[in-house]
Amino acid sequence: MNFRKELNKSDFEYLKEILVSTGFFYDSEVEIVKELVEENLEKGEEKSGYIFNIAEENGKPIAFTCYGEIPGTESSFDLYWIAVHKSSRNNGIGKILMDMAVEDIKKRGGENIWIETASRPIYEPTRQFYIAYGCKKVAELPAYYGKDDNKVIFMIELV
């Protein structure tokens with residue numbers, strides 16, 4: 001397994017495939033990753049504000065994280081995505097990518113990481129992953145994504 005930070009033009013299709021394989025995301029959510037990848041490729045990491053870590057096997061991305069500083073703050077970061085292809089789950093890649101993101105955010109002066117997820121039952125493994133990682137559940141916004149789908153917010157304090 002190999003890890004990298006640089007995006008390639010061919011990555012979007014792989015990242016989209018990873019997200020679709022999870023079965024978690026709405027089509028509109030999957031399309032958002034296209035915008036983030038395109039902006040990162042066009043402007044670069046610093047100007048776009050989107051930082052990627054990619055795990056790959058045999059030259060093909062199998063998992064990724066995307067995070068960035070929350071505009072208007074000096075030390076808060078958002079973890080936008082952590083996704084592992086369904087064929088690569090349960091092998092520790094998610095934890096490795098989280099560790100990489102946390103260490104990178106610390107180096108950038110980050111003190112807090114905010115993570116948003118949904119309350120849909122299919123997201124239960126995701127929520128359990130964040131809890132096992134040590135994230136604190138700090139809020140739940142009712143009916144945010146839909147009638148029976150709340151936004152669940154976790155936080156990691158790095159200081």
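# Exercises on a predicted model

The largest pocket has a volume of about 950 Å³. The structure is a predicted model, and the exercises below start from this pocket.

## Exercise 1: The lining of the largest pocket

Determine how many residues line the largest pocket and which of them lie nearest its centre.

*Solution.* Step one is the count: 35 residues line the largest pocket. Step two is the centre, where F25, I82, Y123, T126 and Y130 lie nearest. Step three assigns the lining to elements. At least two residues each are supplied by the helices and strands α2 (27–43), β4 (76–84), α4 (93–107), β5 (112–118), α5 (124–133) and β6. Finally, the largest share of the lining, seven residues, is contributed by β4.

## Exercise 2: A nonpolar patch and strand β6

Identify the residues that make the nonpolar surface patch of about 270 Å², and state whether Y144 is buried, partly exposed or exposed.

*Solution.* The patch is made by L141, Y144 and Y145. Y144 is located in strand β6, which covers residues 136–146. The relative accessible area of Y144 is 46%. Partly exposed residues fall between the limits of 20% and 50%, so Y144 is partly exposed.

## Exercise 3: Positive phi outside glycine

Compare the settings of N58 and A143, each of which has a positive phi although neither is a glycine.

*Solution.* Begin with N58, whose phi is about 55°. N58 sits in the loop between β2 (51–57) and β3 (60–69). Its relative accessibility is 83%; the limit for exposed is over 50%, and therefore N58 counts as exposed.

Turn next to A143, whose phi is about 50°. A143 belongs to strand β6. With a relative accessibility of 41%, A143 counts as partly exposed. Thus N58 is placed in a loop, whereas A143 is placed in a strand.

## Exercise 4: The surroundings of A139

Which residues does A139 touch, leaving aside those up to four places away in sequence, and how far is A139 from V102 in space?

*Solution.* First, locate the residue: A139 is found in strand β6. Second, consider its accessibility: at 27%, A139 counts as partly exposed. Third, list the contacts: with residues up to four places away in sequence set aside, A139 touches K151, V152 and I153. Last, take the separation from V102: the two residues are 37 residues apart in sequence, and their C-alpha atoms are 21 Å apart in space.

Key: Residues numbered from 1 in each chain as written. Predicted model: local features only at pLDDT ≥ 70, side-chain atom pairs only at ≥ 80, totals over all residues. Heavy atoms only, no water. Patch = residues over 30% accessible without salt bridge, like charges linked within 9 Å, V, L, I, M, F, W, Y side chains within 5 Å. Areas by Shrake-Rupley, 256 points an atom, 1.4 Å probe, with all protein chains shown as cover. Salt bridge = Lys/Arg side-chain N within 4 Å of Asp/Glu carboxyl O. Helix = DSSP H or I, 4+ residues; strand = E, 2+ residues; numbered from the N terminus. Buried < 20%, exposed > 50% of the residue type's maximum accessible area, 1.4 Å probe, protein only. Contact = heavy atoms within 4.5 Å. 1 Å grid on protein atoms, 1.4 Å probe; cavity = no way out; pocket = protein on both sides within 12 Å on 5 of 7 lines; lining within 4 Å. Points joined across faces, edges and corners; volume = space filled by probe spheres on them.
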